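User: Please take a close look at the nonpolar core of this model. I would like one connected account of what builds the core and of the aromatic contacts.

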Amino acid sequence: MGRQKKVRDTKFDLTRLDPQFQERLVQTARQGTIACASVFDILTQVDVSPSDAGKSLDALDIGLTHCQLGLFGYLPEKKIVKPVENPDPELRQAIQSATVDNTLSCEQAWNLARIANVPKMKISGICEAIGIRIKPCQLGAF
C-alpha cells in the first residue's frame with residue numbers, strides 16, 4: 001500500500017511518551033500504515049514533536065503513507081506531485097530564498113504554503129518544476 005521505508009532506529013524509548021498518544025497512532029493506523037495528515041491531526045492534540053512521532057511510528061512498526069507534499073505513499077506511482085507550469089514569480093522567489101544547498105525542508109515548505117495561502121502540494125510542485133529537493137521530512141521519512 002505504498003508504505004514508506006523506515007529510516008529510524010526502532011530502539012526509540014516509547015515509555016517517555018504519553019501512552020494515549022501511542023494508542024491514538026495504533027487506533028488510527030490501517031493495515032500497518034497511517035497517513036501523514038492523520039499523524040499531524042493527532043499531534044495537534046498532544047505535546048509530542050513531529051520527530052518523536054516519526055520515531056514512535058517506527059518503534060510501533062507503523063508505516064507512513066500519503067505525504068501531504070505528495071512525495072511518497074501513493075499507489076501505483078509512489079509520488080503524486082507534478083511540476084507546476086509557469087509558477088507565480090513571487091512564490092518561486094520565496095521558495096528559492098528559503099532553500100539551502102538546493103533543498104527546502106518539509107517544515108519550510110509547509111510554512112511557505114501557509115504564508116502564501118496555497119495548498120502544500122503547490123509548493124512541492126513548484127519545487128519539482130525548478131529542481132529543488134524537499135528534505136528532511138518532519139516525521140523523518142526522508
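Analyst: In this predicted model, the largest nonpolar core comprises 35 residues. Those with the most contacts inside this core are Ile 34, Val 39, Leu 64, Ile 95 and Ile 123. Six helices are listed as giving two or more residues to the core: α1 (19-28), α2 (36-43), α3 (50-59), α4 (89-98), α5 (106-116) and α6 (120-130).

Helix α6 may be followed in detail. Its buried residues are Ile 123, Ser 124, Gly 125, Ile 126, Cys 127 and Ile 130. Ile 123 thus appears both among the buried residues of α6 and among the core residues with the most contacts. The buried residues of α6 pack against two helices, α4 and α5, and against two strands, β3 (103-104) and β4 (133-134). Just after α6, Gly 131 adopts a positive phi of about 75°.

Helix α4, one of the packing partners of α6, also carries Glu 90. Glu 90 has a relative accessibility of 67% and therefore counts as exposed, the cut-off being over 50%. Between the C-alpha atoms of Glu 90 and Ile 123 the separation is 12 Å, with the two positions 33 residues apart along the chain.

The aromatic contacts come next. The count of aromatic pairs is 2. In one of them, Phe 40 and Trp 110 have their ring centres 4.5 Å apart and their planes at 50°, a tilted arrangement. Because Phe 40 lies in helix α2 and Trp 110 in helix α5, this pair ties together parts that are 70 residues apart in sequence. Phe 40 and Trp 110 are both buried. Phe 72 and Phe 142 also pair: their ring centres are 5.9 Å apart and their planes stand at 75°, so the pair is edge-to-face. Phe 72 belongs to the loop between β2 (63-65) and α4, and Phe 142 to the segment after β4, so this pair likewise joins parts 70 residues apart in sequence. As for exposure, Phe 72 is buried, because its relative accessible area is 6%, under the 20% cut-off. Phe 142 has a relative accessible area of 29% and is therefore partly exposed.

Trp 110 has a further neighbour in Lys 120, which lies over the face of the Trp 110 ring at 4.1 Å from the ring centre. Trp 110 is thus paired with Phe 40 and has Lys 120 over its face. Since α6 spans 120-130, Lys 120 belongs to the helix that also holds Ile 123.

Conventions:
Residues are numbered from 1 along each chain as its sequence is written. This is a predicted model: local features need pLDDT of at least 70, side-chain atom pairs count only at pLDDT 80 or more; totals for chains, interfaces and linings use all residues. Side-chain values use heavy atoms; hydrogens and water are left out. A nonpolar core is a set of buried Ala, Val, Leu, Ile, Met, Phe, Trp, Tyr and Cys residues joined through side-chain atoms within 4.5 Å. Buried means under 20% relative accessible area, exposed over 50%, partly exposed in between (1.4 Å probe, protein chains only). Helices (H or I, at least four residues) and strands (E, at least two) are DSSP runs, numbered from the N terminus. Contact means heavy atoms within 4.5 Å. Rings of Phe, Tyr and Trp (its six-membered ring) pair if their centres lie within 6.5 Å; planes under 30 degrees apart count as stacked, over 60 as edge-to-face and the rest as tilted. A charge sits over a ring if NZ of Lys or CZ of Arg is within 6 Å of the ring centre and within 35 degrees of the ring normal.
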